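Hello,

Here is the structure I promised to pass on to you. Have a look at it first, and then read on for what turned up.

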Amino acid sequence: SRSDLTQYPVFPWVIKDYDSFVLDLKNEETFRDLSVPMGALNPERLEEYKKRYNEIPEGEKYLYGTHYSAPGYVIGYLFRKKP
């Protein structure tokens with residue numbers, strides 16, 4: 001239903017190659033490593049998330065501060081101005 005903002009599909013970021021004019025979908029190098037979350041794609045980024053995680057008080061800990069399918073984001077993407 002288009003009325004329920006939590007029902008919109010979530011598509012993972014799978015493409016890694018944003019420089020090629022034509023994507024070779026048979027080349028594994030075109031796609032990102034789906035065995036790790038987006039925050040762990042490089043060691044520096046993962047260490048930053050871990051550092052922040054360790055600074056959060058017990059009982060409130062989280063690794064990522066946003067959700068990929070929050071209704072507020074959906075509204076932002078669906079908002080259109082009349083032509």
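**A buried arginine to begin with**

Arg32 is buried yet takes part in no salt bridge, and the nearest side chain of opposite charge, that of Asp33, is 6.3 Å away. Please keep in mind as you read that this is a predicted model.

You will find Arg32 in the segment before α1. A polar atom of the Arg32 side chain lies 3.1 Å from the backbone oxygen of Val36. Leaving aside residues up to four places away in sequence, Arg32 touches Trp13, Val14, Ile15, Lys16, Pro37, Met38 and Leu41.

Trp13, one of those neighbours of Arg32, is itself in the segment before α1. Trp13 has a relative accessible area of 57%, so it counts as exposed. With residues up to four places away in sequence again left out, Trp13 touches Arg32, Leu34 and Met38. Met38 is therefore a contact of Trp13 and also appears among the contacts of Arg32. The C-alpha atoms of Trp13 and Asp33 are separated by 9.9 Å, with their positions 20 residues apart along the chain.

**A second buried charge**

Which side chain of opposite charge is nearest to the buried Asp17? That is Lys16, at 9.1 Å, and Asp17 has no salt bridge. Like Arg32, which is placed in the segment before α1, Asp17 lies in the segment before α1. The Asp17 side chain does reach a backbone nitrogen, that of Asp19, at 3.1 Å. Not counting residues up to four places away in sequence, Asp17 is in touch with Leu23 and Thr30.

**The salt bridges**

Side chains of opposite charge can pair when their charged atoms come close. How many salt bridges does the model have? The count comes to 3.

- Glu29 and Lys16 meet through their side chains, at 3.4 Å from N to O. This pair links distant parts of the chain: Glu29 and Lys16 are each in the segment before α1, 13 residues apart. Glu29 is exposed, with a relative accessible area of 54%, while Lys16 is partly exposed at 43% relative accessibility.
- Lys50 pairs with Glu47, and their closest N and O atoms are 4.0 Å apart. Because they are 3 residues apart in helix α1, about one helical turn separates Lys50 and Glu47. Lys50 is partly exposed, with a relative accessible area of 37%, and Glu47 is partly exposed as well, at 48%.
- Lys61 and Glu58 also meet in a salt bridge, at 3.8 Å from N to O. Lys61 is partly exposed, with 23% relative accessible area, whereas Glu58 is exposed, with 67%.

Lys16 is worth a second look in your viewer. Its side chain forms the salt bridge with Glu29, it is among the residues that Arg32 touches, and it is the nearest side chain of opposite charge to Asp17, at 9.1 Å.

**A nonpolar patch on the surface**

Tyr53, Leu63 and Tyr64 form a nonpolar patch on the surface, and together they have about 230 Å² of accessible area. Leu63 sits in the loop between α1 (43-55) and α2 (71-78). Its relative accessibility is 32%, so Leu63 counts as partly exposed.

Lys51, by contrast, lies in helix α1. With a relative accessibility of 56%, Lys51 counts as exposed. The C-alpha atoms of Lys51 and Leu63 are separated by 9.6 Å, and the two residues are 12 apart along the chain.

**The chain as a whole**

Stepping back, the secondary structure comes to 2 helices and 0 strands. The chain has 83 residues, and 11% of them count as buried. Its accessible surface comes to about 7800 Å², and carbon and sulfur atoms account for 57% of that. Taking the contacts between residues at least 6 apart in sequence, 25% join residues at least 24 apart.

If you open the model with one place in mind, start from Arg32, which is buried without a salt bridge, and then move to Asp17, which is also buried without one.

Enjoy exploring, and best wishes!

Methods. Residues are numbered from 1 along each chain as its sequence is written. This is a predicted model: local features need pLDDT of at least 70, side-chain atom pairs count only at pLDDT 80 or more; totals for chains, interfaces and linings use all residues. Side-chain values use heavy atoms; hydrogens and water are left out. Patches are made of residues with over 30% relative accessible area and no salt bridge: like charges are joined within 9 Å, nonpolar side chains (Val, Leu, Ile, Met, Phe, Trp, Tyr) within 5 Å. Accessible areas come from the Shrake-Rupley method with a 1.4 Å probe; for residues, only the protein chains shown count as cover. Helices (H or I, at least four residues) and strands (E, at least two) are DSSP runs, numbered from the N terminus. Buried means under 20% relative accessible area, exposed over 50%, partly exposed in between (1.4 Å probe, protein chains only). Lys and Arg count as positive and Asp and Glu as negative; His and the chain ends are not counted. A polar contact is a pair of N or O atoms within 3.5 Å; within protein, one must be able to donate a hydrogen and the other to accept it, and residues adjacent in sequence count only if both atoms are side-chain atoms. Contact means heavy atoms within 4.5 Å.
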